[in-house]
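Work through the exercises below with the model open. Each task is followed by its solution.

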Amino acid sequence: MLGWRLAISAILIPGLFGIFYLDALAGPSAPILLLLTIGLAIRGSSELVDLLWTRSFTPNRGIVAACCVLVSAAGWYGRFGHMPIRVEGDGNTLAQVLLAYSFTILLLFLTAAYRYREPGRSMETLGCELLIVSYLGVLLGVTAQLRWVAGSDAGYLVLGSLVIVTKAGDVGAYTLGRLFGRRKMVPLLSPGKTWMGGFGALVGSSLGAILWLQFATPLFNSTWHPPDWYWSAFYGLVLGVVGLIGDLCESLIKRDVGKKDSALLLPGFGGLLDLLDSVLYASPVAYMLWKGLPLATWNIPEFNG
């Protein structure tokens, strides 16, 4: 199973980076990333609807998908021509994501009121729909913002760091957990998680961050200096912890509804949400770290002479 997971990762990650490369050629408006985000929002919302369709939860698939698309894609409003609002290439559009999320809250309450027939089901379904839009739509929208957080030229260095670090953490956790894991971390929530696997996640994510930022930074621009290795390691360590928590939080959803995987998209991996859980959960923290740590050295005067 370890070999299978590594083989699938060896296909998926280069494929994703191929999409990143094509989108970088398309310019700072990132149209290909927009299409990818919309696709992930539709597929992910469908998985969450199927996952949570239990007990008294009956989320509306179409409405939830539309809300997730609206929120996750809101950051692109104004990035293309012929729009009332004009956003520059590196402009921050997190406020637009929040505003779109606010409108989805209004819409979901409105539809819940329209569908109301009898007591006992409306609040459960409404809460379920709000959870899906919050977890998937908002976090996808924040993840997309990494495309511009350190400048549009460095967008895929930043997004790549999130993918590489969290997935290196997943590989480290799985490898050391399977080979040496004995003590269970949270047996009731995720029986397969061990403390040794958690240690492997931190080692893998830290090493992934150091290697990616040290070697990939000058490939994006030969004049850019990589950040100091200890800041890279700290970045990886923090995302490793957060990504591990994100994996556990998705396990919380699955265990509470009595299911093992979010879907059967890929053998050995589960569904799309099983692939994205740590990436989505870590994205707001990654955004904060790129804003607060000296990682984007090309924007720091002392690194530029």
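Accessible areas come from the Shrake-Rupley method with a 1.4 Å probe; for residues, only the protein chains shown count as cover. This is a predicted model, where local features need pLDDT of at least 70 and side-chain atom pairs count only at pLDDT 80 or more, while totals for chains, interfaces and linings use all residues. Residues are numbered from 1 along each chain as its sequence is written, and side-chain values use heavy atoms, with hydrogens and water left out.

**Exercise 1. Describe the protein chain as a whole.**

Step 1: surface. About 14600 Å² of the protein chain is exposed, and carbon and sulfur atoms supply 70% of that area.

Step 2: burial. Buried means under 20% relative accessible area, exposed over 50%, and partly exposed in between (1.4 Å probe, protein chains only). By that cut-off, 50% of the 305 residues of the protein chain are buried.

Step 3: secondary structure. Helices (H or I, at least four residues) and strands (E, at least two) are DSSP runs, numbered from the N terminus. The protein chain has nine helices and two strands. Their order along the sequence is α-α-α-α-α-α-β-β-α-α-α.

Step 4: compactness. The radius of gyration is taken over C-alpha atoms, and the globule rule is 2.2 Å times the number of residues to the power 0.38. For 305 residues the rule gives 19 Å; the protein chain has 20 Å, which is close, so it is as compact as a globular protein of that length. The C-alpha trace spans about 70 × 60 × 30 Å along its principal axes.

Step 5: contacts. Contact means heavy atoms within 4.5 Å. Of the contacts in the protein chain with a separation of 6 or more, 71% join residues 24 or more positions apart.

**Exercise 2. Check the length of helix 4, then find its buried side.**

Step 1: span. The expected span of a helix is 1.5 Å times one less than its number of residues. Helix 4 (residues 94-115) has 22 residues and should span 32 Å; its end C-alpha atoms are 32 Å apart, which agrees.

Step 2: buried residues. These are Q96, V97, A100, Y101, T104, L108, T111 and A112. They lie on the same side of helix 4, because they cover an arc of only 145° around the axis. The arc is that of the directions from the helix axis to the C-beta atoms.

Step 3: the other side. There, A95, L98, L106, L110 and A113 are exposed.

Step 4: cover. Helix 3 (61-73) and helix 5 (122-145) are among what covers the buried residues of helix 4.

**Exercise 3. Look for disulfides.**

Step 1: criterion. A disulfide is a pair of cysteine sulfur atoms within 2.5 Å.

Step 2: search. The whole structure yields zero disulfides. For C67, the nearest cysteine sulfur is that of C68, 7.1 Å away.

Step 3: burial. C67 counts as buried because its relative accessibility is 1%. C68 is buried too, at 0%.

**Exercise 4. Place A41 and L280 in the fold.**

Step 1: A41. This residue lies in helix 2 (residues 31-52). A41 is buried, with a relative accessible area of 0%. Leaving out residues up to four places away in sequence, A41 touches C68, V69, S72, L136 and L140. A41 and L140 are 99 residues apart in sequence, yet 7.5 Å apart in space, C-alpha to C-alpha.

Step 2: L280. Helix 9 (residues 272-292) holds L280. L280 is buried, at 2% relative accessibility. With the same exclusion of residues up to four places away, L280 touches L136, L139, L140 and T143. L280 and L139 are 141 residues apart in sequence and 5.6 Å apart, C-alpha to C-alpha.
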